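Got the viewer open? Let's take a walk through this one, selecting a few things as we go.

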Amino acid sequence: MRLHEYQAKQIFSKHGIRVARGKLATSVEEVGKIAEELGGKVVLKSQVLIGGRGKAGGIKKAYSVEEAVEKAKQMFGMVIKGHVVEKIYVEEMIDIRQEMYAGLTIDRASKGIAAILSSVGGMDIEEIAVSHPGKIAKVTVNPKWGLWDYQIRELLLNSEMPREYWREVTSILKTLYRIMVHYEAELVEINPLVATSEGLIAADARLNIDDSALFRHKELEELRDYTEADQMERIAMEKGLNYVKLDGSIGVVANGAGMAMATMDLIYLYGRKPANFFDIGGGASAEVVREAMNLIMSDKNVKAVFINIFGGITRCDEVAMGLVEALGDVEIPVVIRLAGTNEEEGRKIMEEFAKDRRNIHIVETMEDGAEKAVSLG
Ligand code: GDP
Ligand code: MN
């Protein structure tokens, strides 16, 4: 789970890393009010869960309340790499002397935590590594021991960090490491970490928490901001369905992960992309089938659906009854293949149902089904 900048900054600040004064706004009026409180000279920062906002126009400076209001009007509703701006973090403008980088991330290759420091910042870390290889340093931290002081010194020296910042950077790195461990994060990052006349400030903040550890951090789970795809996956999760949203147009429902994957492969083979992965599980009941269909139909990209069920524990007639209920008012083409346990009974129910519905198609094999769904979608 990725936190918004303003949320990450709250946490960083609570642990002693300095950030600029700021407040979150969800309307132009609020931006005006906050800008006034902060003295007029502010930076408007769109809160979207994507990097590179600066380059995409998602960060704007304003030198007066009026200018802040004007810029906020332009910024709300803006689409940054597919994310709509609905929240703006308004911060007092800071006077930047130098931009730097500090970050920690899980490093699978070394089975440790990579601590990275650079005396250059404000651009992607990958970019820094290419354009300023002499100003970036990395050490691997063994989580068993934690971040040693000698490792911090190595980072400071190898990144050519100006001596005047050593003390503060040391303290910031230690704090970031504490945050990383405490919140079970995958990534903590300050880019840029900026030098101002009052010391070092985190001008941006990133904190990604390991989803598998979220249950231990209930207070963070409440901060979660769902994108549309997340929303659908969350609904599926709550209902115990195994669903992953994808960006194609053919909805896929199958029982068993292997069946779902094979069905998706066939959709690709016939030249289209699946809209989702959907495994309704071994013992899928009529109820589950109905939930699955509802979820798929709420995806506006779906042009046709291929339901591919192999009855084992799941009986085809049970699935068929669920389909009859679920497909009542579905208008887009739906292709159905039922095979396995109680196949005959299941198919009979479906054929009866499909008689006066021209959008329902019963097929015998997976290949026929995929081909048909692709041709209809
Ligand atoms: P990102 O592009 O999504 O990583 O957003 P950042 O928060 O890192 O902002 C991008 C750039 O905007 C930074 O590298 C800074 O140069 C600039 N910036 C961000 N916040 C401030 C600020 O408070 N004051 C000033 N002067 N510049 C800022
Ligand atoms: Mn940044």
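Before the first stop, a word on pairing: two strands count as paired here if DSSP finds at least two bridges between them. Keep in mind, too, that this is a predicted model.

**Stop 1: a strand pair.** Select residues 42-46, strand S2, together with residues 88-92, strand S6. The two run antiparallel and are joined by five bridges. Now pick out Val-43: across from this residue, in S6, you'll find Glu-91.

**Stop 2: the helices on these strands.** Add residues 28-37, which form helix H2. This helix packs on the sheet, where S1, S2 and S6 are the strands it touches, and its direction makes about 170 degrees with that of S1. Next, bring in helix H1, residues 5-14. H1 lies across S1, S2 and S6 as well, running at about 50 degrees to S6.

**Stop 3: the whole sheet.** Widen the selection to four strands. In what order do they come? Reading across, the open sheet goes S1-S6-S2-S3, with antiparallel pairing. At the edges sit strand S1 (22-25) and strand S3 (59-62), each of which pairs on one side only. On average, neighbouring strands of this sheet are turned by 20 degrees against each other, direction ignored.

**Stop 4: zoom out.** Colour the chain by domain: domain 1 covers 21-92, domain 2 covers 98-221 and domain 3 covers 230-376. If you put a distance between the C-alpha centres of domain 1 and domain 3, expect 44 Å.

**Stop 5: Glu-99.** Head to strand S7 (residues 98-107) and select Glu-99 there. Its relative accessibility is 31%, so Glu-99 counts as partly exposed. What does Glu-99 touch, leaving aside residues up to four places away in sequence? One stretch is Ser-119, Val-120, Gly-121 and Gly-122; the other contacts are Pro-192, Leu-193 and Val-194. Try Ile-190 too: 91 residues separate Glu-99 from Ile-190 in sequence, yet their C-alpha atoms are 10 Å apart in space.

**Stop 6: the metal.** Finish at ligand 2, the manganese ion. Which residues coordinate the manganese ion? Show Asn-191, which gives its O atom, and Asp-204, which uses OD; the distances are 2.2 to 2.3 Å. The two ligating residues are 13 residues apart: Asn-191 belongs to strand S10 (residues 185-196), while Asp-204 sits in the loop between strand S11 (199-202) and strand S12 (206-209). Are they buried or exposed? The cut-off for buried is under 20% relative accessible area. Asn-191 has 13%, so this residue counts as buried, and Asp-204, at 18%, is buried too.

Note on methods
Residues numbered from 1 in each chain as written. Chains lettered and ligands numbered in written order. Predicted model: local features only at pLDDT ≥ 70, side-chain atom pairs only at ≥ 80, totals over all residues. Heavy atoms only, no water. Donors = N, O, S within 2.8 Å, 3.2 Å for Na, K, Ca; no water. Buried < 20%, exposed > 50% of the residue type's maximum accessible area, 1.4 Å probe, protein only. Domains from an automatic or database assignment. Contact = heavy atoms within 4.5 Å. Axes fitted to C-alpha atoms, helices over the stretch in contact; angles between N-to-C directions.
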